[in-house]
Amino acid sequence: MSPTTAHADAIVVEDTRRWLQRAVIGLNLCPFAKAVDTKGQVHYAVTRSMGFKDLLQDLTRELKDLAALEPTERDTTLLIAPDGLVEFLEFNDFLVQANRQVAKLGFEGVLQIASLHPLYEFADSRPDDVSNFTNRSPYPTLHLLREESIDRAVKAFPHAETIFEANVRTMERIGRQGWAALDVGARPHGKIGT
């Protein structure tokens, strides 16, 4: 890895960590995130792959690594693709293949993928709908989760089904201006060649 790539990757991780801490944890968008972040159980992996084939290889490696480690060491992985999957529709197309890969590897019911993207758009919402910001990250990101950890978290949080509605209310309350004030976007130098 060249010094330029290493520096750019460090910026990507920094940007993603800032987003996790200020938006996801700071706004309580995911009540389960703070514990794994505080314990250092979130793994940040940056891929410079752009094509589906290479991205699937990187995803496969990260899924296997996550499954091989104890949750106390690594509970979750954020696989960040700053140079690939830039368009949200392309990202969604890749998610279909990514979920097939989870099944192909025998991880169905063990690991799952949550999707985060700078242009995230829920079905039946407008692109400028502030509720979309609940799943907007600085870079295209695949959040690899242990189903066992999700089950445990849901048991500890008796009304998990209300999280999404609470998140939408939060986003409506802070609006675009409040989101911008969080300063949780990507910095230009996170991409190679910028």
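Guide: A helix here is a DSSP run of H or I with at least four residues, and helices are numbered from the N terminus. The model is predicted.

Visitor: Which element gives the largest share of the lining of the largest pocket?

Guide: The pocket has a volume of about 1000 Å³. Two or more lining residues come from each of helix 1 (3–25), helix 2 (33–38), strand 2 (76–80), strand 3 (111–116), strand 4, helix 5 (147–156) and helix 6 (163–182). The largest share is five residues, and it belongs to helix 5.

Visitor: Which residues lie nearest the centre of the largest pocket?

Guide: The lining holds 37 residues. They split into 23 nonpolar, ten polar and four charged. Nearest the centre are C30, F32, A33, H143 and L145.

Visitor: How many cavities of 30 Å³ or more does a search of the whole structure find?

Guide: A cavity is a set of points where a 1.4 Å probe fits but cannot get out. The largest has a volume of about 50 Å³. At a threshold of 30 Å³, the count for the whole structure is one.

Visitor: How many residues of the lining of the largest cavity are charged?

Guide: The lining consists of T47, L55, L79, A81, L85, F91, F94, P140, T141 and L142. Eight are nonpolar and two are polar. The charged count is therefore zero, since Asp, Glu, Lys and Arg are what count as charged: none.

Visitor: Which elements each supply at least two residues of the lining of the largest cavity?

Guide: T141 is one of the lining residues. T141 is found in strand 4. The elements that reach two residues are helix 4 (88–104) and strand 4 (141–146).

Visitor: Is T141 buried or exposed?

Guide: T141 has a relative accessibility of 1%. The cut-off is under 20%. So T141 counts as buried.

Visitor: Which residue's backbone oxygen lies 2.8 Å from a polar atom of the side chain of T141?

Guide: Leaving out residues up to four places away in sequence, T141 touches L78, L79, I80, F91, A114, S115 and L116. The backbone oxygen in question is listed separately, at 2.8 Å from the T141 side chain. It belongs to Y139.

Visitor: Which element gives the largest share of the largest nonpolar core?

Guide: The core has 25 residues, and W19, L20, L27, Y44, M171, W179 and L182 touch the most other members. Helix 1, helix 2, strand 1 (42–46), strand 2 and helix 6 each give two or more residues. The largest share, eight residues, comes from helix 1.

Visitor: What does W19 touch, not counting residues up to four places away in sequence?

Guide: W19 is a member of the largest nonpolar core. Apart from that core lies another of 21 residues, among them L55, L66, L85 and L144. Under the sequence filter, the contacts of W19 are V24, L116, R136, S137, P138, W179 and V184.

Visitor: A polar contact joins the side chain of T60 to that of which residue?

Guide: T60 lies in helix 3 (residues 52–68). T60 is buried, because its relative accessible area of 12% falls under 20%. Not counting residues up to four places away in sequence, T60 touches Q101 and L105. The polar contact, at 2.7 Å, is with Q101.

Visitor: How far apart in space are T60 and R100, C-alpha to C-alpha?

Guide: In sequence, T60 and R100 are 40 residues apart. In space, their C-alpha separation is 11 Å.

How values were computed:
Residues numbered from 1 in each chain as written. Predicted model: local features only at pLDDT ≥ 70, side-chain atom pairs only at ≥ 80, totals over all residues. Heavy atoms only, no water. 1 Å grid on protein atoms, 1.4 Å probe; cavity = no way out; pocket = protein on both sides within 12 Å on 5 of 7 lines; lining within 4 Å. Points joined across faces, edges and corners; volume = space filled by probe spheres on them. Buried < 20%, exposed > 50% of the residue type's maximum accessible area, 1.4 Å probe, protein only. Polar contact = N/O pair within 3.5 Å; in protein donor to acceptor, adjacent residues only side chain to side chain. Contact = heavy atoms within 4.5 Å. Core = buried A, V, L, I, M, F, W, Y, C linked by side-chain atoms within 4.5 Å.
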